[in-house]
Amino acid sequence: MHTALEERLIRPARNINGSLRLPGDKSISHRYGMLSAFAQGTSRFTNFSTGADCASTLACMSALGAIVERKEDGVIEVTGVGGKVQQPTGPLDCGNSGSTMRMISGLLAPQQGEFTLIGDASLSRRPMERIRKPLTAMGAKLMLTEGHAPITIHGAPLTALDYTTPVPSAQVKTCVLLAGLQTPGTTTVREAVRTRDHSELALRAFGANIERGLDYVSISGTQTLSAIEGAVPGDISSAAFFLCAAALFPGSQLLLDSLGLNPTRASLLDVLTSLGTQIAVLNLEEKHSELVGTVQVSAPAEGLGSTSVTGALAAQLIDELPVLAAIAPYTRGGIRIRDAKELRVKESDRIALVVQNLRTMGAEVEEFEDGMDVPGGQTLHGATIDSGGDHRIAMAFSVAALRAEGETLISGSESAAISFPEFFDLLDFIAER
Ligand code: S3P
């Protein structure tokens with residue numbers, strides 16, 4: 001089936017101004033959705049992610065026997081299977097969502113039954129060997145298709161594992177922890193770079209016994225999870241587009257409240273500060289151990305400076321790098337990105353697409369295998385952007401378009417709905433023209 005690509009016209013803006021509360025964090029919603037569907041009892045969540053990716057997780061968990069209800073007041077109610085899933089009647093469709101596919105594989109590997117996981121064309125190109133390896137080491141029977149989806153799992157009891165992840169990936173870490181949750185003994189995941197820790201915090205919130213050190217996390221199996229109630233913090237990776245937009249306009253004022261500020265996710269605030277943006281964080285509180293607060297941003301009168309994103313920072317900022325690169329030409333000193341090879345195996349090859357689209361807008365940029373150098377002090381012109389069906393590319397270049405000369409057409413703009421269906425409406429709301 002061929003679906004026509006939607007196009008969205010973005011006009012330049014004069015300023016960014018406004019106050020917003022953003023829909024729930026995608027990473028946390030995946031975990032709350034998956035764990036509540038696996039737990040005993042009925043969980044309730046407000047501000048659950050509105051993105052298509054989290055809908056894929058909920059649909060898969062429904063097919064596995066959980067009851068998911070969307071209430072009128074925006075509350076999502078999930079009644080879990082109490083630790084034992086049902087055999088689904090067909091393949092589990094993970095859509096565009098790598099998180100859904102990799103994390104559910106860990107949940108299902110120790111369950112009784114046979115499961116097939118499929119995804120769209122983009123997800124079917126993404127590497128799955130990274131989960132097959134640790135799960136197979138635990139004794140799982142899991143087959144890939146030439147290293148990719150479709151994945152077939154013949155569920156079987158597993159043995160505990162002590163695993164060091166070769167690539168920094170919270171999805172792989174979570175996959176192993178979810179298998180470990182159901183496996184006698186202690187399963188440990190060690191990581192050289194600390195990746196987002198939402199699974200550790202969520203598993204604890206649902207009652208699991210988790211032990212953490214600086215570079216490891218251990219879970220003891222077998223444990224039963226219990227339902228929780230909670231509000232999902234606003235998504236900081238969605239906020240990144242508006243924060244970067246505000247950073248581009250001296251005189252801008254942007255306030256985002258109830259925003260997730262988990263330290264393993266909030267490095268963008270440090271990077272924007274290093275570029276000269278003024279950022280104030282107010283009203284900090286904890287919700288199920290997730291930090292939540294209000295963020296106030298205003299741009300420097302003299303324009304943004306320069307910065308370099310490498311090493312552990314690159315891994316922690318992986319989802320925000322496309323938009324940082326897209327605003328880099330407007331800085332005074334440019335932005336250098338390295339150690340971000342993982343960008344090449346996201347929903348698209350994000351290094352290649354960012355470089356291609358920056359060039360289409362007239363920017364000079366040098367591509368590296370693991371990043372790029374984007375010089376500052378450049379003027380971009382409006383152009384037709386190829387989103388490659390990748391939500392973060394569509395949104396990143398909508399931000400670049402705000403400071404370009406002339407209008408920009410975002411081709412494949414519908415992909416924004418993967419994580420942030422409200423993106424274009426909210427961008428119109430805060431952009432002064
Ligand atoms: C995610 C982890 C990251 C990130 C993705 C969401 C998660 O992927 O890019 O958007 O929720 O755990 P990796 O863990 O593969 O780096």
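# Strands, domains and hollows

Me: T188 stands opposite S218 in β13. Before I go on, what kind of model am I looking at?

Reply: A predicted model. With that in mind, back to the strands: β11 and β13 run antiparallel to each other, and six bridges link them.

Me: What makes β11 and β13 count as a pair?

Reply: Two strands pair if DSSP finds at least two bridges between them. For β11 and β13 there are six bridges, so the pair passes that cut-off.

Me: How do you know that β12 and β13 pair as well, and in which sense do they run?

Reply: Three bridges join them, and the cut-off is at least two, so β12 and β13 count as a pair. They run antiparallel. Within this pairing, I210 sits opposite I219 of β13. The two strands also make a hairpin, with three residues between them.

Me: How many strands are in the sheet, and what is their order?

Reply: There are four, and the order reads β10-β11-β13-β12. The sheet is open and its pairing is mixed.

Me: Why are β10 and β12 called edge strands?

Reply: β10 (162-164) and β12 (210-212) each pair on one side only. As for how the neighbours lie, strands next to each other in this sheet are turned by 15 degrees on average, with direction ignored.

Me: What makes the pairing "mixed" rather than of one kind?

Reply: Look at the senses in turn. β10 pairs with β11 (residues 185-190) in the parallel sense, over three bridges, while β11 and β13 pair in the antiparallel sense. Both senses turn up in one sheet, which is described as mixed. On the parallel side, T164 has R190 of β11 as its bridge partner.

Me: And how do you know that α5 packs on the sheet?

Reply: By what α5 touches: β10, β11 and β13 (216-221). Contact means heavy atoms within 4.5 Å, so α5 has atoms within that distance of these strands. The direction of α5 makes about 25 degrees with that of β13. Helix α6 (residues 198-205) packs on the sheet too, touching β12 and β13; its direction makes about 145 degrees with that of β12.

Me: Let's step back from the sheet. Which domains is the protein divided into?

Reply: Domain 1 (7-24 + 233-432) and domain 2 (26-230). Their C-alpha centres lie 28 Å apart. The contact takes 29 residues from domain 1 and 30 residues from domain 2.

Me: How do you know that the lining of the largest pocket involves both domains?

Reply: Domain 1 (7-24 + 233-432) and domain 2 (26-230) each give at least three residues to that lining. The pocket holds about 660 Å³ of space. Its lining counts 43 residues, with P168, S169, A315, I318 and K346 nearest the centre. Five elements give two or more residues each: α1 (26-38), α3 (98-108), α5 (170-180), α9 (311-316) and α12 (391-401). α9 has the largest share, four residues.

Me: What makes up the lining of the largest pocket, by class?

Reply: It has 19 charged, 13 polar and 11 nonpolar residues. K346 lies near the pocket's centre, and Lys counts as charged, so K346 belongs in the charged class.

Me: What is the volume of the second largest pocket?

Reply: About 370 Å³. It is lined by 15 residues, and N96, D120, G389, E414 and S415 are the closest to its centre. The lining splits into six polar, five nonpolar and four charged residues. Here too, domain 1 (7-24 + 233-432) and domain 2 (26-230) each supply at least three.

Me: Why is a hollow called a cavity and not a pocket?

Reply: Because a 1.4 Å probe fits in a cavity but cannot get out, whereas a pocket is open. Three cavities of 30 Å³ or more are found this way. The largest has about 70 Å³, and its lining includes K173, E191, R212 and Y216. By class, that lining has six charged, four nonpolar and one polar residues.

Me: Which element gives the largest share to the lining of the second largest cavity?

Reply: α1, with four residues. This cavity has a volume of about 50 Å³. Among the residues lining it are H30, M34, M103, T174 and L203. α1, α5 and α6 each supply at least two, and the classes come to five nonpolar, three polar and one charged.

How values were computed:
Residues are numbered from 1 along each chain as its sequence is written. This is a predicted model: local features need pLDDT of at least 70, side-chain atom pairs count only at pLDDT 80 or more; totals for chains, interfaces and linings use all residues. Side-chain values use heavy atoms; hydrogens and water are left out. On a 1 Å grid over the protein atoms alone, a cavity is a set of points where a 1.4 Å probe fits but cannot get out, and a pocket is an open set with protein on both sides within 12 Å along at least five of seven lines; lining residues have an atom within 4 Å of a point. Grid points are joined across faces, edges and corners, and a volume is the space filled by probe spheres set on the points. Domain bounds come from an automatic or database domain assignment. Axes are lines fitted to C-alpha atoms, for helices over the stretch in contact, and angles run from 0 to 180 degrees between N-to-C directions.
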